[in-house]
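I opened this notebook to keep track of what I looked up, step by step, for someone who has not seen the structure before. The entries follow the order in which I went through it.

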Amino acid sequence: MHNLGHTRSTNQRDHLLHTPDTFIRTSLPGMQQATAVVHISPVAGAAFTQYTAELEPGGTLGPTSAQRFIYVIEGVVDLSTASSFKTLNVGGYAYLPAAAEHTLIAQQKTRLAVIEKNYQHLAGASAPSVLIGQESDVPAVALMGDADLEVRSLLPDAPAFDFAVNTMTYQPGAALSMVEVHVMEHGLLMLEGGGIYRLGDSWYPIKAGDFIWMAPFCPQWFGALGKVPAKYLIYKDWNRHPLG
Ligand code: UGY
Ligand code: MN
């Protein structure tokens with residue numbers, strides 16, 4: 001359905017909204033029985049890459065020399081690293097440091113959120129090692145004391161990590177208490193529910209399946225609407241000086 005050329009997707013200088021009707025599937029080097037929807041990458045101005053990998057049973061990702069973070073949106077995947085073998089279900093996630101040998105094999109049709117970023121060393125801190133977790137094991141923290149807005153930090157807030165990935169869950173009607181303007185950039189995947197996102201000088205209706213990139217200093221605000229909680233997975237660069 002061509003919808004007469006209409007879409008909610010938009011690409012602005014300081015933000016991008018990528019909605020499923022505009023997704024183009026592509027194969028990245030080394031992928032087998034899998035495709036990628038690349039949502040954002042350095043060619044569009046970001047310092048990281050984020051894609052959704054759609055794997056058939058037996059499907060796998062190719063290698064990367066960057067750090068890789070994966071979060072299971074749907075399905076089941078087996079992750080083998082040099083020192084571990086783990087099966088990850090929905091809400092399972094893994095941090096794989098730069099150049100860490102690993103294989104990921106889908107047991108069934110699986111969708112993964114994948115974030116890749118070149119590691120920025122910090123003097124005095126040794127690079128992080130492999131970390132595997134499950135979102136439901138991560139304690140929820142009320143953002144600025146608002147019990148209707150829960151944040152789960154999937155990675156430790158340790159100086160060795162140069163990025164953070166959190167989930168944020170808003171009860172219907174909950175909203176960020178302020179318009180944020182900050183040096184960090186964001187990659188955001190809407191997992192459940194929806195609402196209104198302010199990005200720059202525009203307000204957008206947003207729902208599950210959408211992706212948003214926010215450039216550094218992009219004014220941002222979200223309010224959840226509807227009868228079910230709104231939940232998103234959000235990346236930000238973290239723990240590094242703006243001068244690099
Ligand atoms: O962590 C954050 O900056 C987060 N509160 N931003 C956002 O939800 N747009
Ligand atoms: Mn923010």
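I began with R68, keeping in mind that this is a predicted model. Leaving aside residues up to four places away in sequence, I found that R68 touches Y51, L61, G62, P63, A94, Y95, L96, H102, V114, I115 and E116. R68 lies in strand β5, residues 67-74, and because its relative accessibility is 3%, under the 20% cut-off, I noted R68 as buried.

Next I asked which side chain makes a polar contact with the side chain of R68. I found H102 there, at 3.0 Å.

From H102 I followed strand β9, residues 102-106, where the side chains alternate: H102, L104 and A106 point to one face and are buried, while T103 and I105 point to the other face and are not buried. I then looked up the pairing with strand β6 (residues 77-81), which runs antiparallel to β9 and is joined to it by five bridges; in this pairing T81 stands opposite H102.

My last entry concerns the manganese ion (ligand 2), which is coordinated by E180 (OE), H182 (NE2), H186 (NE2) and Q220 (OE1) at 2.1 to 2.3 Å. I recorded the arrangement as octahedral because the six donor atoms subtend angles of 76 to 175°. The donor residues are spaced E-x1-H-x3-H-x33-Q in sequence, and distant parts of the chain are linked by the pair E180, in the loop between β14 (163-170) and β15 (186-192), and Q220, in strand β19 (residues 220-225), which are 40 residues apart. Finally, I noted that Q220 is buried, with a relative accessible area of 2%.

Conventions:
Residues numbered from 1 in each chain as written. Chains lettered and ligands numbered in written order. Predicted model: local features only at pLDDT ≥ 70, side-chain atom pairs only at ≥ 80, totals over all residues. Heavy atoms only, no water. Donors = N, O, S within 2.8 Å, 3.2 Å for Na, K, Ca; no water. Tetrahedral: all angles 85-135°; square planar, octahedral: opposite > 155°, others 65-115°. Helix = DSSP H or I, 4+ residues; strand = E, 2+ residues; numbered from the N terminus. Buried < 20%, exposed > 50% of the residue type's maximum accessible area, 1.4 Å probe, protein only. Pairing = 2+ DSSP bridges. Polar contact = N/O pair within 3.5 Å; in protein donor to acceptor, adjacent residues only side chain to side chain. Contact = heavy atoms within 4.5 Å.
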